[in-house]
Each structure stands twice: as structure tokens, then as C-alpha cells.
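Hi,

Here is the structure I promised to pass on. Have a look at it first, and my notes follow underneath.

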Amino acid sequence: MSQAIHIPAMTPAVLPMLPQPAVIRAIKPESYGVATYTLAFQDPALAAAYRFLPGQFNMLYLPAFGEVAISLSSDPAQPQALGHSIRFGGSVTQGIGRLKVGDMLGLRGPYGSHWPLDLAAGKDVLMVAGGIGLAPLRPALLTILKERSKYGRVLLLYGGRTPQDLLYTDEFEAWQKAGVELHVSVDWADENWKGQVGVIPMLFYRIRLEYKKCLVLTCGPEIMMRFVIYEALARNIPRESIYISMERNMKCAVGFCGHCQYGPNFICQQGPILNFATVEPFFGKESF
């Protein structure tokens with residue numbers, strides 16, 4: 001008689017490389033070439049157990065296309081509805097773009113580091129985002145708004161190439177009513193745009209900051225973050241108070257493959273959220 005083989009429950013903690021089936025509950029167009037997909041695990045036990053922190057990401061798997069790392073963009077207080085704002089740029093994301101509500105994806109995660117909201121308590125929080133870089137910051141913003149009294153001023157400097165490239169514009173008014181100081185700029189305006197025109201770092205010249213109590217969280221193109229850091233340091237904000245979200249070619253998400261190595265760090269493990277002081281020696285340099 002053969003001996004029965006025990007197969008462990010297939011949770012991400014037990015089999016970190018195994019995607020779990022997740023159904024697309026909703027698809028919301030955000031801007032040109034970007035939509036937010038709300039996913040839910042098919043397994044009720046996984047759905048009940050899943051938690052994530054602001055700034056973390058999931059790996060989304062589409063059979064025959066592959067996997068892609070996508071930041072969570074939804075409210076961490078509602079982990080049963082997992083939002084992923086996706087730009088349809090590569091083969092995997094373009095394949096996802098052809099899916100409909102009710103279709104399935106593979107999902108594993110969450111992975112990576114998170115925004116240091118524990119350090120932000122009692123301080124002013126300055127968020128600076130470019131384009132789809134607002135997606136990883138949105139969970140942090142929603143978390144702060146739920147516990148607004150724990151923080152000082154909350155400022156969001158946000159920009160895109162055009163007004164049509166801005167995300168979550170239908171939420172701007174609610175964020176402002178909740179106490180967010182919102183400043184928005186675009187590189188190229190159209191005839192309907194009434195706001196600021198210019199690159200995002202120029203928005204620093206519209207605000208005053210108390211450098212001793214300000215924490216900076218920024219996500220966007222690296223060239224944008226370089227100038228954000230320049231403007232922050234010019235205002236005497238300590239480099240230890242600046243956190244950046246790095247984007248690299250993350251393939252395995254668990255530090256095996258090495259594709260996302262950045263200096264001594266693997267972005268999938270030590271990142272994507274990194275303290276600027278720890279990466280300053282190689283930030284902005286080629287071949288890192």
C-alpha cells in the first residue's frame with residue numbers, strides 16, 4: 001500500500017513562487033493607457049488572511065505572457081479589494097489590458113518594503129509624485145487620512161505630462177476637504193487647464209516647509225526624484241528624512257534571480273521603498 005503524501009496548503013507563505021488565482025472584480029480607466037484593476041483571491045481563506053502595507057507590490061501572472069510587478073494602489077484597510085493601477089506598456093500589461101471583469105489572473109505577494117508611516121507620526125508629510133508614481137503613494141495617503149490627527153501638514157505635489165495623464169483626479173476634491181494641501185502641475189497644458197504648468201520640482205517654490213519636522217516620500221521617474229531630492233536638500237531637509245520608491249526589473253520578487261540588484265540591494269527585498277541616505281552613493285549614477 002502506498003503511503004499518503006501530505007501536500008501543504010498553497011499559501012504565498014508556503015510557496016512564495018506560486019501565483020494564486022484572483023478574479024478581476026472591477027476595471028476603472030484612470031488616464032490614457034492606465035487603468036486600475038481591482039482583484040480578489042478566489043480562495044476565501046487567502047482573501048481573509050491577506051494584508052499589505054503602503055508601498056508594497058504584488059506579482060501579477062498572465063498565462064502565456066508572464067509576470068509583472070505592480071504596486072498596490074488601494075486602501076490597506078480593505079485588503080479584500082486589491083487595487084493595481086497598470087500602465088499598458090509591456091507585453092504582460094498589454095495582455096492584461098485585454099482582460100475583462102470576471103477574468104482571472106495569478107497573484108502572489110505582497111512583497112517589498114513600505115513607506116515609513118510610523119516615522120511620519122507627528123511630522124509634516126510631503127508626498128511628491130510624477131505620473132503613475134502616485135499609485136504606490138495612494139495607499140499611504142489613504143492611511144494617513146484615516147488617522148489624520150496623528151500627522152501634521154499633509155502636502156501632495158503631483159504632476160503629469162498633460163492633464164489627461166493625471167491619475168485619481170476624481171478624488172482630488174475629497175483629499176483637499178480632508179486636509180491635503182494639493183498642488184498639481186503639468187508639462188503641457190491644453191485650453192481647459194487652469195493650473196500650474198511646469199516640471200514637478202518647481203512646485204517646491206509654491207510651498208514653505210519646516211525642515212526639522214518634514215518627511216518626504218517620493219515616487220516617479222528617477223530624473224524627477226533626483227530634482228525632488230535636490231529641492232528638499234536645498235531646504236535643509238535631512239537626507240535621512242527622504243524616502244524614494246525605486247523601480248527595477250523585478251522577476252522573482254524574492255531575491256533569487258538578481259535582476260533587480262541595485263548596488264548592494266535587491267529592490268524586490270530591500271526596496272522598493274528606500275531611504276535616500278542609504279542609496280545616495282549610487283543614486284542617479286549609470287550602471288547601478
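Phe57 has Ser71 in β4 as its bridge partner. Keep in mind that this is a predicted model. The strand to look at here is β3, residues 57–62, which is joined to β4 by six bridges, with the two running antiparallel.

Those two strands belong to something wider: an open sheet of six strands, in the order β4-β3-β6-β1-β2-β5, with antiparallel pairing. At the edges sit β4 (66–71) and β5 (82–87), each of which pairs on one side only. On average, neighbouring strands in this sheet are turned by 40° against each other, if you ignore direction. As a general reminder, strands of a sheet pair through backbone hydrogen bonds, either parallel or antiparallel.

Next, the helix α4. It covers residues 134–146, so 13 residues by the run that defines it, and its first and last C-alpha are 18 Å apart, close to the 18 Å expected at 1.5 Å a residue. Most of α4 is covered, with eleven of the 13 residues buried. Among them are Leu134, Pro136, Arg138 and Ile144.

Finally, a bit of surface. Val199, Met202 and Tyr205 make up a nonpolar patch there, and together they have about 310 Å² of accessible area. You will find Val199 in the loop between β10 (196–197) and β11 (214–219). Is Val199 buried, exposed or partly exposed? Its relative accessible area is 45%, so it counts as partly exposed, because that class lies between the 20% and 50% cut-offs.

Cheers

Definitions and conventions. Residues are numbered from 1 along each chain as its sequence is written. This is a predicted model: local features need pLDDT of at least 70, side-chain atom pairs count only at pLDDT 80 or more; totals for chains, interfaces and linings use all residues. Side-chain values use heavy atoms; hydrogens and water are left out. Patches are made of residues with over 30% relative accessible area and no salt bridge: like charges are joined within 9 Å, nonpolar side chains (Val, Leu, Ile, Met, Phe, Trp, Tyr) within 5 Å. Accessible areas come from the Shrake-Rupley method with a 1.4 Å probe; for residues, only the protein chains shown count as cover. A salt bridge is a side-chain nitrogen of Lys or Arg within 4 Å of a carboxyl oxygen of Asp or Glu. Helices (H or I, at least four residues) and strands (E, at least two) are DSSP runs, numbered from the N terminus. Buried means under 20% relative accessible area, exposed over 50%, partly exposed in between (1.4 Å probe, protein chains only). Two strands pair if DSSP finds at least two bridges between them. Axes are lines fitted to C-alpha atoms, for helices over the stretch in contact, and angles run from 0 to 180 degrees between N-to-C directions. The expected span of a helix is 1.5 Å times one less than its number of residues.
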